[in-house]
Number of protein chains: 2
Amino acid sequence: MTKKIGKQTLKLQYPPTIAATAAVVGQKEGQGPLKRYFDYISDDSYFGEKTWEKAESTMLKQCFTLCCSKGKVSPEELDFVFSGDLLNQCVGSAFAMKDTNVPYFGLYGACSTMGESLTLAAMTIDGGFAGTVCALTSSHFCSSERQYRFPLEYGGQRTPTAQWTVTGSGAAILKSNGNGPFITHVTPGKIVDAGIKDANNMGSAMAPSAYETLKAHFEDTGRSPDYYDLIVTGDLGVLGHDTLEDLFRHDGMTLGKSYNDCGILIFDIQKQDVHAGGSGCGCSASVFASYIMQGFAENRWSKVLFAPTGALMSPTSSQQGDSIPGICHAIAIEKTL
Amino acid sequence: MTKKIGKQTLKLQYPPTIAATAAVVGQKEGQGPLKRYFDYISDDSYFGEKTWEKAESTMLKQCFTLCCSKGKVSPEELDFVFSGDLLNQCVGSAFAMKDTNVPYFGLYGACSTMGESLTLAAMTIDGGFAGTVCALTSSHFCSSERQYRFPLEYGGQRTPTAQWTVTGSGAAILKSNGNGPFITHVTPGKIVDAGIKDANNMGSAMAPSAYETLKAHFEDTGRSPDYYDLIVTGDLGVLGHDTLEDLFRHDGMTLGKSYNDCGILIFDIQKQDVHAGGSGCGCSASVFASYIMQGFAENRWSKVLFAPTGALMSPTSSQQGDSIPGICHAIAIEKTL
């Protein structure tokens, strides 16, 4: 009675509806090309808190509350919440969700977390375990810089291949009943390690995992890339985007004009001085919860393959000379069944 | 068509079988009362590696390989793996699993991770998404001390309420077909914050979450504590164990003689100088994968409620004066249906 098709794709039998989404971002993100799609742009990078870690939690909680409000769902109606973030021990999520009184599944998928949370949330509804579930995640430029790289005050130079961690959060409420858009298929990813060791070139480190997951998705479903109006990877940025296209080209395949990347979409790469593009859990999450989902309402597309990517490293693993394993989870979202 | 009963418990319709488990631990754990139940006791705390973080990954991978071997399952036959650990960015799990070629869900549930991974693995099978799934986790005394507390070389004094992080890992293979023991119910936990701020008293911080989850489990299922031959919490240790009994006593209820805690079971508390008991993801995981599961085979019990607990804090959150939110996931394991 398995719903698995092919190697690693799940075809949902009772596709859940994405009933509501919300995106809360920082000032820089609000100055980018997706400005009009975000629900809330904060001028205060501290979100009223005294530390960046608390700021991230407050932003995520604000996003959660807004999503519940937009979906006309009270937190008590949620069966489960799936959340995670980049902070050590995922405290961004834990402190954001600790007073919501909703059963909580903590995830760590690095920047692929929105893909992982949507996948598990969709499975939870399809499997008959829940009627209403929330999937969410966040990242914050300042908490990330401090934890992964240098104190901001140090003013460290960024390499050309570096990406800019998005200050942003995205949340989605999934329901068993609804009129779509529906999550119809999910392709949970394997960890792929191409041996890249440059922690300032995450796009190249993650591209091979996006390649493996997308390839598996197309093979498993029998769909070609042109089935989708939009194929959008996580935060590969400019370099990872091109690497992914190269990898498919070697197979004699192309992702076509409908391929884009959340790390490219969220910023004006040149004008906003973000080097190779945006990154962080909040990058794909906030782009998904704003631009991508509103594109369904505005009839810009009706079939989207959303594939957030993550780099499963830590500062310690990089300092110890380890490579950067990547992961990518793909979610097929379709306006009608 | 929801399988939810009561507030937050899921009654599985197609209860998966726990087909195999494996536990790999360190020397100190191998000198404790559960010695004879562990599959492998390593005399080398480095597990042949050069750093403690790599040692933890190698231990977890060894445990995974052993579990597959005991279950006569090759990694390729696994549909999914659910894993997480305490290390920043969960690199223990990521590096252990990166070459297995199995779709991977990364989790962060702190010391409750074995509860979270078993819960999601069981739901994945029950929901018809998979036939064979692995749930696993680990912790390592040395990598934990360095990350959470002091460099070992510093020789910091431990407070009487402190617990000893277990060097250990546990893995379980769940199958859709089998003759049990079965996972029949799961009660995923809510985050509970009782306001405890002492990072050297995790047992007290986590006990309220165990109380809430167990209370919900009993209410939702209509079962009383004496339904189970063994109720075993995560790593509450001596203090948390007593706090939990107190909390139930206030309700005029008792967990009875069948109540125990993995943090108490794994060490000889007095002789092994572990203060309030064992802790870490590997504590409940290795006790579950050895002593608890072998107890079914040896007819010591046929109904067990396994309830790992976790503290969702980080050194940063504690340094910033935050409280320590706890979580507990409960899993009902029954020999027959």
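This briefing describes the interface between two chains and several local features of a predicted model. Local features require pLDDT of at least 70 and side-chain atom pairs pLDDT 80 or more, whereas totals for chains, interfaces and linings use all residues. Residues are numbered from 1 along each chain as its sequence is written, chains are lettered from A in the order in which they are written, and side-chain values use heavy atoms, with hydrogens and water left out.

**Relation of the two copies**

- Chain A is superposed on chain B by a rotation of 180° with 0.0 Å of shift along its axis, at an RMSD of 0.0 Å; the fit is by least squares on the C-alpha atoms of residues with pLDDT of at least 70 in both copies.
- The two copies are thus related as by a two-fold rotation axis.
- Of the interface residues of chain A, 100% are also interface residues in chain B, so the copies meet through the same surface.

**Interface between chain A and chain B**

- Chain A and chain B contribute 63 residues each to the contact, where contact means heavy atoms within 4.5 Å.
- About 5,100 Å² is buried between the chains, 63% of it on carbon and sulfur atoms; buried area is the accessible area (1.4 Å probe) that two parts lose on being put together, summed over both.
- In chain A, the residues that lose the most area to chain B are Gln89(A), Phe129(A) and Ile191(A), together 16% of what that side buries.
- Six salt bridges cross the interface, a salt bridge being a side-chain nitrogen of Lys or Arg within 4 Å of a carboxyl oxygen of Asp or Glu.
- One salt bridge joins the side chains of Lys4(A) and Asp79(B), at 2.4 Å from N to O.
- Between the chains, 26 residue pairs are in polar contact, both residues at pLDDT 80 or more; a polar contact is a pair of N or O atoms within 3.5 Å, and within protein one must be able to donate a hydrogen and the other to accept it, while residues adjacent in sequence count only if both atoms are side-chain atoms.
- Elements of chain A that each supply at least two residues to the side touching chain B include α2 (52-70), β5 (80-85) and α4 (113-126); helices (H or I, at least four residues) and strands (E, at least two) are DSSP runs, numbered from the N terminus.
- The largest share of that side, seven residues, comes from α4(A).

**Two buried threonines**

- Thr100(A) is found in the loop between α3 and β6 of chain A and counts as buried at 9% relative accessibility; buried means under 20% relative accessible area, exposed over 50% and partly exposed in between (1.4 Å probe, protein chains only).
- A polar atom of the Thr100(A) side chain lies 2.7 Å from the backbone oxygen of Met97(A).
- Thr137(B), in strand β7 (residues 132-139) of chain B, is buried at 0% relative accessibility.
- The side chain of Thr137(B) reaches the backbone oxygen of Gly84(B) at 2.6 Å.

**Backbone geometry**

- Most residues other than glycine have a negative phi, and most peptide bonds are trans.
- A cis peptide bond joins Gly180(A) and Pro181(A), with omega about 0°; Pro181(A) is in the loop between β9 (168-175) and β10 (182-187) of chain A.
- In chain B, a cis peptide bond joins Gly180(B) and Pro181(B), with omega about 0°.
- Gln89(B), not a glycine, has a positive phi of about 60°; Gln89(B) lies in the loop between β5 (80-85) and α3 (91-97) of chain B and is buried at 3% relative accessibility.
- His275(B), not a glycine, has a positive phi of about 55° and counts as partly exposed at 25% relative accessibility.
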